[in-house]
Amino acid sequence: MEGYLGSYAVLGLVLAAGVLLFVAAFGANRLLRPGRPAEPAGKRISYESGIDPVGGDWAQAQIRYYVYAYLYVLFAVEAVFLFPWAVIFDRPGFGGLSIAEMGIFVAVLALGIVYAWRKKILRWTA
C-alpha cells in the first residue's frame with residue numbers, strides 16, 4: 001500500500017487480524033470445553049510440595065526478610081550500573097569524570113550499607 005494512509009491501513013489490518021484470532025481462540029475454547037466439568041475431590045484445597053496443608057492459611061513473615069530482599073535489589077541495581085561503566089571506562093573522554101560520578105554513586109551506596117550496619121539491620125538473629 002502506498003501513500004500516507006497506507007501504513008495506517010497495514011496497521012489496521014494487523015490489529016483486525018489479532019482481534020479476529022483472539023475471538024476465534026476464545027470461541028473455539030467455549031465450543032470445545034465440557035458442559036459441566038467434573039471437579040475431583042480436593043481440587044480447591046491448598047497444595048504445597050505434596051504435603052497436605054496444616055493449620056490456617058495466614059502466615060506472617062517477619063520484616064527482616066523484606067529488608068534483606070530490599071538490600072539485595074539495591075546491590076543488584078548497583079551491579080547493573082557498574083558493569084556498563086566498567087565497559088566504557090577505558091574509552092577516551094570517560095576518564096576523570098566517570099571516576100568521579102561512579103565514586104559518588106558507590107559512596108552513597110556505602111553510606112546506606114554503613115547505616116544498615118550501625119542500626120544492626122544486617123544481623124541475622126534466630
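The following paragraphs describe the fold, the helix packing and the surface features of a predicted model.

The protein chain contains three helices and zero strands, and its elements run α-α-α from the N terminus on. Of the 126 residues in the chain, 6% are buried. The chain exposes about 11,600 Å², of which carbon and sulfur atoms supply 69%. When contacts between residues at least 6 apart in sequence are considered, 53% of them join residues at least 24 apart.

Helix α1 comprises residues 6–32. Leu11 lies in this helix and is partly exposed, its relative accessible area being 46%. Together with Tyr4, Leu5, Tyr8 and Leu15, Leu11 forms a nonpolar patch on the surface. The accessible area of these five residues taken together is about 620 Å². The value for Leu11 falls between the limits of 20% and 50%, and the residue is therefore classed as partly exposed rather than as buried or exposed.

Helix α1 also carries the one aromatic pair of the structure. This pair is formed by Phe22 and Phe26, with a distance of 4.7 Å centre to centre and an angle of 50° between the planes. Because an angle under 30 degrees would count as stacked and one over 60 as edge-to-face, the arrangement of Phe22 and Phe26 is assigned as tilted. The two residues are four apart in helix α1, which means that about one helical turn separates them. An α-helix has 3.6 residues a turn, so residues three or four places apart point the same way. Both partners of the pair are exposed: Phe22 has a relative accessibility of 52%, and Phe26 has a relative accessible area of 51%. Each of these values is over the 50% limit, so neither ring-bearing residue is counted as partly exposed.

Helix α2 spans residues 63–88. Its end C-alpha atoms are 39 Å apart, in agreement with the 38 Å that its 26 residues should span at 1.5 Å a residue. Arg64, Leu71 and Glu78 are buried in α2, and the cover over the buried residues of this helix includes α3.

Helix α3 is formed by residues 96–118 and has 23 residues. The distance from its first C-alpha to its last is 32 Å, close to the 33 Å expected at 1.5 Å a residue. Its buried residues are Ser98, Met102, Leu109 and Ala116, and these pack against α2. The packing is thus described from both helices: α3 contributes to the cover of the buried residues of α2, while the buried residues of α3 are packed against α2. Just after α3, Lys120 adopts a positive phi of about 60°.

Terms used: Residues are numbered from 1 along each chain as its sequence is written. This is a predicted model: local features need pLDDT of at least 70, side-chain atom pairs count only at pLDDT 80 or more; totals for chains, interfaces and linings use all residues. Side-chain values use heavy atoms; hydrogens and water are left out. Rings of Phe, Tyr and Trp (its six-membered ring) pair if their centres lie within 6.5 Å; planes under 30 degrees apart count as stacked, over 60 as edge-to-face and the rest as tilted. Buried means under 20% relative accessible area, exposed over 50%, partly exposed in between (1.4 Å probe, protein chains only). The expected span of a helix is 1.5 Å times one less than its number of residues. Contact means heavy atoms within 4.5 Å. Patches are made of residues with over 30% relative accessible area and no salt bridge: like charges are joined within 9 Å, nonpolar side chains (Val, Leu, Ile, Met, Phe, Trp, Tyr) within 5 Å. Accessible areas come from the Shrake-Rupley method with a 1.4 Å probe; for residues, only the protein chains shown count as cover. A salt bridge is a side-chain nitrogen of Lys or Arg within 4 Å of a carboxyl oxygen of Asp or Glu.
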